[in-house]
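Let's take a look at this one together, asking a question at each stop and working out the answer. Ready?

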Amino acid sequence: MTGYENLSTDALLQELMDAPPDDARALELAAFTDTVRLAQAAASLRDRGHGSVVSYSRKVFIPLTQLCRDVCHYCTFAQTPRHIPQAYIPVEEVLEQVRAAAEMGCQEALFTLGERPELRYRAAREALEAMGIESTLAYLTHVAGRVLEDTGVLPHINAGCMDDEEMLALRKVSASMGIMLESASERLCEKGMPHYGSPDKSPARRLDTIERAGRLRVPFTSGILIGIGETRRERIESLLALRASHRRHGQLQEVIIQNFRAKPGTLMAQAPEPDLEELLWTIAVARILFGPEMNIQAPPNLSPGVLPQIVSAGINDWGGVSPVTPDFVNPEAPWPHLEQLARETAAAGKILQPRLTLYPSYVNTPEQWLDEALREPVLQQADAEGLARSDDWCPGAQLQPPAAVLEEMRLAPADADIDPQLIEIVERCRAGAELSEADVERLFRARGPEFAWVCRAADQVRRERHGDRVSFAVNRNINYTNICYFKCQFCAFSKGKLSENLRGRPYDLDAEEIARRCREAWERGATEVCMQGGIHPEYTGQTYLDILATVKAATPDMHVHAFSPLEVWQGAHTLDMSLEDYLRALKAAGLGTLPGTAAEILDDEVRAIICPDKINTAQWLEVMETAHRVGFRTTATIMYGHVEQPRHWARHLLRLRDLQQRTGGFTEFVPLPFVHMEAPMYLKGKARRGPTFREAVLMHAVARLALNPFFDSIQASWVKMGEAGVAACLDAGCNDLGGTLMNETITRAAGAAHGQEWPLEDIESFLTSRAREPWLRDTCYRPAPGERRGAALAAEPLDAVVNTPAARYERRGEGKRSPLLRNAVIGSDRA
């Protein structure tokens, strides 16, 4: 095989991009000195795996003890008892520091400590004895547990070499752990070398700890220290040892390339430091050996002034950066300010983003990598990609959108500053060309300037189709029952025998109350009643036909927008009718259009978690396609921000796009961000607290692009987003606000503060203040009659609603019950 140095640049890139070199080929890199070409290959690999993002963890550094039994010749962290005020930091002092750090936005508590000082120092033994604790690692376990329980900040443990029992104990109180291999060279442990006299720096001992972490499913950090007397070949051998363990177990979250810094007062104070060339060469080699997916990190405080070059060599992470504590291991090297770090990262063409101590691929597989006690704390701090949640905004809450996101939207960059791949995807969206799942997922991964650019691109498409006109309807929501025998984990509205502790008592509206609400809505200018409810165990398909008869008798001219695909499927099943026949019966009874709810996420991987007994993806799509064939127009929705990831969003949109291309039956797409406050799966610690504000706005923008030109309207839910959120969505591709609603109960049952009514005159004022043209429409996007607007402007206050108590529900067992429909039953092809 041709040596690396004899390959052309193109041939070198091709070979290194195809697959990581095997061990023998990797060792040949020791003689390859063209760092520029290595860095080019490494940067291309990094971009394939990580795109435009370079991450960091916002941390607080806790040096629990600076006593250590080892005597590394370059270390100033380890101290003797007479040089420190106390052997161990007291737990209350740790908690005080972590709480202060949490106020500054820190999400990681990095515990660093000397190795087993009680084996060397009486002061350590006496301090532990006074606390009634047997070892340093036992004290660490106690303190990390308190930090997790009392503050929610996620501990990361750098505790040195451990056995299984110690590691398992720490796994219950920490999200991740780590140990620097530093070097696999035994030569560095010989007399006169930097690791002489340090038993815990034995490569075999450290590799054993790394291997244990893999067997015990601990997300782990390791890396090498360069410039302490090792050769380039020894660096490669060290990286290969790490790679071998990772290939067996997958436990290495990141590989750190740390450059030695000489420190006064140490035996290596006069030792030469590695130059920039050595650092860049080693970073590039690490990326080449581990491939595109691995997280390769270099500490930014150890290389001030050259951070863009470091990015260009192939890193995708800066490690932990603390706004509150120094780097106690390298106290001479202060952390860069985050604003400076973001600027220097941007100078290399990348976007700085915070992460947790756990990297996204581990966040997104918690059952494999996290103790059960850590899963909820990690989930609550993560966004949909598994990076750190960047704001406290959540749907339905009376919180203003984060100013930083709004500012980003105002500062959309020029095309020249955007990833060409992203530009090409958007151009295909504008042309209505075929899109892959990866294309749409790439749109959803837009952050920073890319996020602003995608929003602007979406808004350009909106403007081309609709100008500045924003439509809405005067309507009323009527949820006729909150009794439901399905067990959707996101729903706080439905009432079954296990859910009466949630908001409201069980009710089942009688015909008189339904008719009264319809008449009142008509008198107040409504053109539509939107009607849905729980799947009451005594409801049949005839029930829905009877509801339609009630509405049409009370208000003959009212448009009825009603019955989710689940209700339609259940109705057809209970009357032993085909979907098409039942839908025709509904149409004959006066049904006008169908809402596209019950879609949640159109991917059965997610549905198995959040609504396992509900209709599946294919069945939802079958109801909609059949409805379109019968002549109904329908809406389409997505309910997002709970357990799903961007790939599921992409699949959802593409499935809707495919159906719309065939039928043209969807009138609009409505993103519905998950409202978490009272949702069962959130209360059980099984869901995120809705999307971040960036994700919520981006959902609307990506929908406008990915569904173009097949969907005409993208709607913002003011009930979920609030007025300020809607305003942002109007600048990101939205052209519709839904309706005035009059009453809304499903979102409010989940804990939202919005939802009772947004009067017509207030909507018009809101839109005109933003230089938009209000357009009052009906359900099918025709102009609403002028007299309807007049009635809405003259509307009297709503009368109090009467939720008819669910007598039949409370006297379970009386009356004839309809056949219960669950996913185990509806998996057939009968309908």
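Q: Keep in mind that this is a predicted model. Which residues does Phe563 touch, leaving out those up to four places away in sequence?
A: Set aside residues up to four places away in sequence, and look at what is left around Phe563. The list runs through Tyr480, Met531, Gln532, Tyr544, Ile547, Leu548, Val568, Leu586, Leu591, Leu594 and Pro595.

Q: Which residues have the most contacts inside the largest nonpolar core?
A: Here's a rule of thumb: in soluble globular proteins, nonpolar side chains tend to be buried together. In this model the largest nonpolar core has 124 residues. The ones with the most contacts inside it are Met531, Phe563, Leu586, Trp620, Phe669 and Leu737.

Q: Which helix gives the most to this core?
A: The top contributor puts in 10 residues. That helix is H28.

Q: How many residues are in the second, separate core?
A: Tyr4, Val91, Leu113 and Leu341 are among its members. The second core's count is 92 residues.

Q: Which residues do ring pairs link into a cluster with Phe563?
A: The structure holds 15 aromatic pairs. Ring pairs also join up into a cluster that includes Phe563. Its partners there are Tyr480, Tyr539 and Tyr544.

Q: Are the ring planes of Phe666 and Phe711 stacked or edge-to-face?
A: Planes under 30 degrees apart count as stacked. For Phe666 and Phe711 the angle is 15°, with the centres 5.3 Å apart, so by that cut-off the pair is stacked.

Q: How far apart in sequence are Phe666 and Phe711?
A: Phe666 is in strand S16 (residues 666-673), while Phe711 is in the loop between helix H28 (693-706) and strand S17 (713-714). Both residues are buried. Along the chain they are 45 residues apart.

Q: What kind of aromatic pair do Phe669 and Phe711 form?
A: Phe669 lies in strand S16 and Phe711 in the loop between H28 and S17, so this pair ties together parts that are 42 residues apart in sequence. The centres are 6.4 Å apart and the planes are at 85°. That makes the pair edge-to-face.

Q: Is Phe669 buried or exposed?
A: The cut-off for buried is under 20% relative accessible area. Phe669 comes in at 0% relative accessibility, so Phe669 is buried.

Q: Which ring does the charged end of Arg217 sit over?
A: The charged end is 4.1 Å from the ring's centre. That ring belongs to Trp369.

Q: Is Arg788 buried or exposed?
A: Arg788 is found in helix H32 (residues 786-793). Among residues over four places away in sequence, Arg788 touches Trp522, Gly525, Ala526 and Thr527. Its relative accessible area is 5%, so Arg788 counts as buried.

Q: How far apart are the end C-alpha atoms of helix H3?
A: H3 covers residues 35-50, which is 16 residues. At 1.5 Å a residue, the helix should span 22 Å. The distance in the model agrees with that, at 21 Å.

Q: Which residue follows H3?
A: Its phi is positive, near 60°. The residue is Gly51.

Q: How many residues of strand S3 are buried?
A: S3 (residues 154-158) pairs in the parallel sense with strand S2 (residues 108-113) over 5 bridges. S3 also pairs in the parallel sense with strand S4 (residues 176-178), over 2 bridges. S3 is largely enclosed by the rest of the structure, because the buried residues number 4 of the 5.

Notes
Residues are numbered from 1 along each chain as its sequence is written. This is a predicted model: local features need pLDDT of at least 70, side-chain atom pairs count only at pLDDT 80 or more; totals for chains, interfaces and linings use all residues. Side-chain values use heavy atoms; hydrogens and water are left out. The expected span of a helix is 1.5 Å times one less than its number of residues. Rings of Phe, Tyr and Trp (its six-membered ring) pair if their centres lie within 6.5 Å; planes under 30 degrees apart count as stacked, over 60 as edge-to-face and the rest as tilted. Buried means under 20% relative accessible area, exposed over 50%, partly exposed in between (1.4 Å probe, protein chains only). A charge sits over a ring if NZ of Lys or CZ of Arg is within 6 Å of the ring centre and within 35 degrees of the ring normal. A nonpolar core is a set of buried Ala, Val, Leu, Ile, Met, Phe, Trp, Tyr and Cys residues joined through side-chain atoms within 4.5 Å. Contact means heavy atoms within 4.5 Å. Two strands pair if DSSP finds at least two bridges between them.
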